Amino acid sequence: MLLHFLPSSRFGQTHPVALLNEFFVLAPMLKVPDHQVAGHTACHGKLGPLIDDSGRFYKPLQDDERGSKELAFYSSFSSNTRIPDHIHRFFPVFYGTQLLEASDGSGLRPHLVLQDLVSDHLNPSIIDIKIGSRTWYPQASEDYVQRCMKKDRETTSLLLGFRISGLRIYGNSESGFWKPEKKHVQEFTLEDVKLVLRKFVSSNSPIDSNSFPDCCFAPSVYGGSAGILAQLLELKAWFEDQTIYHFSSCSVLMLYEKESVMKGKSSGAEIKLIDFAHVVEGRGVIDHNFLGGLCSFIKFVSEILTGPDEHSTEACSQDSEEMHFN
């Protein structure tokens, strides 16, 4: 009965059926993640991911080839000895699959069981960046290709090699999060992208459109030996050599804990790759589409670190002093 959900892996030798739990029980205390910034959500009776309190993220397998491709990728990647150990940290931990009651009430459905990337964070600021100037994959139908090409042209994907798919940036305990609506995010221009990447690491409120982002936290979040830029460069070095996979329509999730920085502690800044429903075999060819978009995104982050505005430094110093007293 379940086999139509669980096709054989095209990448590895592990059969996905073997990854199913031997007994099927409903996971306790499942809930809708409030940190999700893009993709299908489980709100209002729709099919979407769920989380529990143990740090696991349950993503429903889609009925079509997207579900089988994503499961095949995780099965292959988690056991592929050609993947360097240090690269695994950029991907969610894969725990297998589990049969759970779907969030849309349609009954039992296989779910990918993954690491909940924000379970250790209290109020993380998050940006989902879809990488690549082309988000369709070679084997896609003509209709799908046309729809992707239209969206790539209408967003910044074609122009920049990446686009922001969703975000939520923490302001403070009073203002909460700034989370623009999906339609507004899809209309982001080049200047909007620059502004959002600055707001992401600024102490002044992201909701206030009258104040220019001070980029106070850029050195702590984007910079440093363990910051976002260093992680992106490490990932870039791998993509300059790897020819195992092509990551079509994949996203880089960027997050950190603003409150932690405000208290003088580590930002916990990290990047993770997510969304692998359109991954295909590399067949010995470098993934230039993903690599090009990644290099473009790196350039934007680098410019924030190396070219701060003159009036930001003074404002940052003043705001930092105020934060320590609040």
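Here are some questions and answers about the predicted model shown above.

Visitor: Happy to be here! How many helices and strands does the protein have?

Guide: Welcome! This is a predicted model, and 53% of the 326 residues in the protein are buried. Its secondary structure comes to 11 helices and 11 strands.

Visitor: Among contacts between residues at least 6 apart in sequence, what share joins residues at least 24 apart?
Guide: Those contacts are counted between residues at least 6 apart in sequence. Of them, the share joining residues at least 24 apart is 69%.

Visitor: What part of the accessible surface belongs to carbon and sulfur atoms?
Guide: Start with the total, which for the protein is about 15800 Å². The part that belongs to carbon and sulfur atoms is 52%.

Visitor: Let's turn to the sheet of four strands. In what order do the strands stand?
Guide: The sheet is open, and the pairing is antiparallel. Strand E1 (50–51) and strand E3 (94–101) stand at the edges, each with a single partner strand, so one side of each lacks a neighbour in the sheet. The order is E1-E2-E4-E3.

Visitor: Which residue in E2 is the bridge partner of Ile51?
Guide: E1 and strand E2 (residues 56–60) run antiparallel and are joined by two bridges. In one pair, Leu50 stands opposite Tyr58. For Ile51, the bridge partner is Phe57.

Visitor: Which residue in the turn of the E1 and E2 hairpin has a positive phi?
Guide: The hairpin leaves four residues between E1 and E2. A positive phi of about 90° in that turn belongs to Gly55.

Visitor: On the E4 side, which residue stands opposite Arg56?
Guide: E2 and E4 run antiparallel, with five bridges joining them. E2 is largely enclosed by the rest of the structure, because four of its five residues are buried. Opposite Arg56, in E4, stands Gln115.

Visitor: Which helix packs on this sheet?
Guide: The helix in question touches E2, E3 and strand E4 (108–115). Its direction makes about 150° with that of E3. It spans residues 65–79 and is helix H1.

Visitor: How far apart are the end C-alpha atoms of helix H10?
Guide: Helix H10 (residues 288–306) has 19 residues, and at 1.5 Å a residue it should span 27 Å. Its buried residues include Phe290, Leu294, Phe297 and Val301. The end-to-end value agrees with the expected span, because the end C-alpha atoms are apart by 26 Å.

Visitor: Is Gln231 buried or exposed?
Guide: Gln231 sits in helix H8 (residues 228–239). Leaving aside neighbours within four places in sequence, its contacts include Arg89, Phe90 and Glu270. A residue counts as buried under 20% relative accessible area. Gln231 has a value of 4%, so it is buried.

Visitor: As a biochemist I always ask about cysteines. How many disulfides are there?
Guide: A disulfide needs two cysteine sulfur atoms within 2.5 Å. The sulfur of Cys215 is 8.5 Å from the closest cysteine sulfur, in Cys216, so that pair is too far apart for a bond. By this rule, the count is zero.

Visitor: What is the relative accessible area of Cys148?
Guide: Cys215 is buried, with a relative accessible area of 9%. Cys148 is buried too, and its relative accessible area is 10%.

How values were computed:
Residues numbered from 1 in each chain as written. Predicted model: local features only at pLDDT ≥ 70, side-chain atom pairs only at ≥ 80, totals over all residues. Heavy atoms only, no water. Buried < 20%, exposed > 50% of the residue type's maximum accessible area, 1.4 Å probe, protein only. Contact = heavy atoms within 4.5 Å. Pairing = 2+ DSSP bridges. Axes fitted to C-alpha atoms, helices over the stretch in contact; angles between N-to-C directions. Expected span 1.5 Å × (residues − 1). Areas by Shrake-Rupley, 256 points an atom, 1.4 Å probe, with all protein chains shown as cover.
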